[in-house]
Amino acid sequence: MDTFVIEGGRRLYGRVRINGSKNAALPMMAVPLLTDAPVTLRDVPDLADIRNMIRLLGQLGCARTNEADNAKGVCAFHVTDPTQSHARYDIVRTMRASICTLGPMLAKRGEARVSLPGGCAIGERPVDLHLRGLAALGAKITLDGGDIIAKAPEGGLVGSTIFLGGTFGSTVLGTANVMSAATLARGTTIIESAACEPEIVDLANLLIEMGAKIKGAGSPRIIIEGVRELGGADYTVMADRIEAGTFIMAAAITNGDLTLENCPVDALLAPIYFLNAAGVHVQPIESLHTAIAGTPRPRSSTLTVTNGAGPTTTGDDPMRRTVRVTCDRVLRPVEITTQPHPGFPTDLQAQLMSLLCLADGNSVITERIFPDRFLHVAELSRMGAKLMRQGSTVIISGVRKLVGAPVMASDLRASAGLILAGMAAEGTTVVNRVYHLDRGYERMEDRLRMLGASIRRVDEKELSPSEAACAS
Ligand code: EPZ
């Protein structure tokens, strides 16, 4: 199993491009199941989860048609056999987003069988809201042998008004599943308490490009007018806001100076606001249309987010900006509560906790989406962090320094938080089980090394005696 060996204390410096978004690409990759036409997605990151989704689509009769040309980040799909509608446990257990194939298959093929995703390190994660939404569209849903079996009524799904809110608010993949299914339902569907995440807007834009009639994506009420069939599309996935947030905090925790290209600033206003308050500065330099579309470069601008007033910025495409990230020498403590978008994202909570371990004072983090998403707390404490957990709140008493130690990654974002802490710590940190990280970050160690970090991927069997001593 791979580990990362990190020598801390190096400032990060230089330029890095933010990849396409994993969490936008995954529900989008289920969309070809809704049409007989080919669908091409661009700027798709090369990640374990993406590769698993390609494997799953293959099982469901939706082939990747450009395997051979291997064009970086391009995935072309076309349904070749619509009779295969069983998403099996062997893949579903590796990747929860498999559930996103349920709605599209049900809407297009009239039936689907998808293994129920199991538990997860960050929390319980039921799919009752997905099933509530699809049942409201007329589907008959039963469970058998750990599988969800869904059948559409004669004539197909029927539009309906659905309240999709749950105990912890809206559901992102639930909204994606129900919105996708409703595009082919007869009549109008209203999704109330829909997720407002930018990934939902990106998915809606792709579906609209295929001929779907969708209004209100990005707001809590989405209205979908069903159509008889959808066409194909050639669509570029949005930039990854969680990867961008992770690099912003990597610059800050190493007191570095980074330039991020293709940064979706407009999808990061809450993190930028709180990071600003802590002393981290994110300044746009120019938009990055050029890298993707070849349009001329616009003039530069500055961005500050003031409380409630929204961004003061000029220049174009705020979803593909070039920004410079710098940081005050002394970080200030902040208090945040994770919330559905546009609040502070839960997927940046672990990274922010690592950063605030070095702030001058007491910070408070409350996790409202996955109340038990704190497996990184014990690991950071091994590095000398002063953390006190009370239920779904952690009080972080800032320390002057962290010290390298062997730590265990437990989930995708916790591993990112531990790598940030390792880069700031004194001495050597060995992060075990980095396969968690590979699910969501492409070649992270290579990109960090290019920015000046001392980080190596080592098979735990090849660790040097001192590293092994450190890792044991
Ligand atoms: C998406 O997961 C993301 N995954 C997660 O990112 C992210 O943490 C989460 O949204 C919240 O922002 C992808 O996009 C692939 P939810 P999703 O349904 O859609 C409860 C990462 O690190 N709930 O919005 O599965 C649920 O338990 C991953 O990239 C129900 O109760 O999350 C949670 O408490 C981790 N019933 C809350 O709602 C349901 O049917 C929000 O979950 C569905 C969800």
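In these legends, Ala, Val, Leu, Ile, Met, Phe, Trp, Tyr, Cys and Pro count as nonpolar, Asp, Glu, Lys and Arg as charged, and the others, Gly among them, as polar. The structure shown is a predicted model.

**Figure 1. The second largest pocket and the residues that line it.** This pocket has a volume of about 520 Å³. Its lining consists of 23 residues, and those nearest the centre of the pocket are I253, N255, R329, L358 and R400. Helix 8 (241-253) and helix 13 (412-424) are the elements that contribute two or more residues to this lining. Sorted by class, the lining residues of the second largest pocket are 11 nonpolar, 5 polar and 7 charged.

**Figure 2. The largest cavity, lined by residues of three helices among others.** Rolling a probe the size of a water molecule over the atoms reveals where empty space remains. In the whole structure, the search finds 1 cavity of 30 Å³ or more. The largest cavity holds about 30 Å³ of space. Its lining is made up of N23, P27, V172, L173, A176, E199, I200 and L203. At least two lining residues come from each of helix 1 (22-29), helix 6 (172-182) and helix 7 (198-209). The lining of the largest cavity comprises 6 nonpolar residues, 1 polar residue and 1 charged residue.

**Figure 3. The surroundings of the ligand.** The ligand is surrounded by 21 residues, of which D128, L129, T171, D347 and I369 are the closest. Two of the contacts shown involve the protein backbone. A polar backbone atom of L129 is found 2.7 Å from an oxygen atom of the ligand. For I369, a backbone N or O atom lies 2.7 Å from a ligand oxygen atom. R413 contributes through its side chain, with a polar atom 2.8 Å from an oxygen atom of the ligand.

**Figure 4. An open sheet of 4 strands in the order 4-5-3-14.** The pairing in this sheet is mixed. Strand 4 (62-64) and strand 14 (233-236) are the edge strands; each has a single partner strand, so one side of each is left without a neighbour in the sheet. On average, neighbouring strands of this sheet are turned by 20 degrees against each other, direction ignored. Strands of a sheet pair through backbone hydrogen bonds, either parallel or antiparallel. Strand 3 (residues 39-42) and strand 5 (residues 75-79) run antiparallel and are joined by 3 bridges. Within this part of the sheet, V39 is opposite F77 of strand 5.

**Figure 5. An open sheet of 4 strands in the order 24-25-1-26.** In this sheet, too, the pairing is mixed. The edges are occupied by strand 24 (406-408) and strand 26 (454-459), each of which has a single partner strand, so one side of each has no neighbour in the sheet. From one strand to the next, the twist averages 25 degrees. Strand 1 (residues 2-7) and strand 26 run antiparallel, with 6 bridges between them. R457 in strand 26 is the bridge partner of F4.

**Figure 6. Backbone geometry in two loops.** Most residues other than glycine have a negative phi, and most peptide bonds are trans. The peptide bond from H341 to P342, however, is cis, with omega near 15 degrees. P342 is located in the loop between strand 20 (335-337) and helix 11 (349-356). D43, a residue other than glycine, has a positive phi, near 60 degrees. The loop that holds D43 lies between strand 3 and helix 2 (48-59).

How values were computed: Residues are numbered from 1 along each chain as its sequence is written. This is a predicted model: local features need pLDDT of at least 70, side-chain atom pairs count only at pLDDT 80 or more; totals for chains, interfaces and linings use all residues. Side-chain values use heavy atoms; hydrogens and water are left out. On a 1 Å grid over the protein atoms alone, a cavity is a set of points where a 1.4 Å probe fits but cannot get out, and a pocket is an open set with protein on both sides within 12 Å along at least five of seven lines; lining residues have an atom within 4 Å of a point. Grid points are joined across faces, edges and corners, and a volume is the space filled by probe spheres set on the points. Two strands pair if DSSP finds at least two bridges between them. Axes are lines fitted to C-alpha atoms, for helices over the stretch in contact, and angles run from 0 to 180 degrees between N-to-C directions. A residue is near a molecule or strand if one of its heavy atoms lies within 4 Å of it. A polar contact is a pair of N or O atoms within 3.5 Å; within protein, one must be able to donate a hydrogen and the other to accept it, and residues adjacent in sequence count only if both atoms are side-chain atoms.
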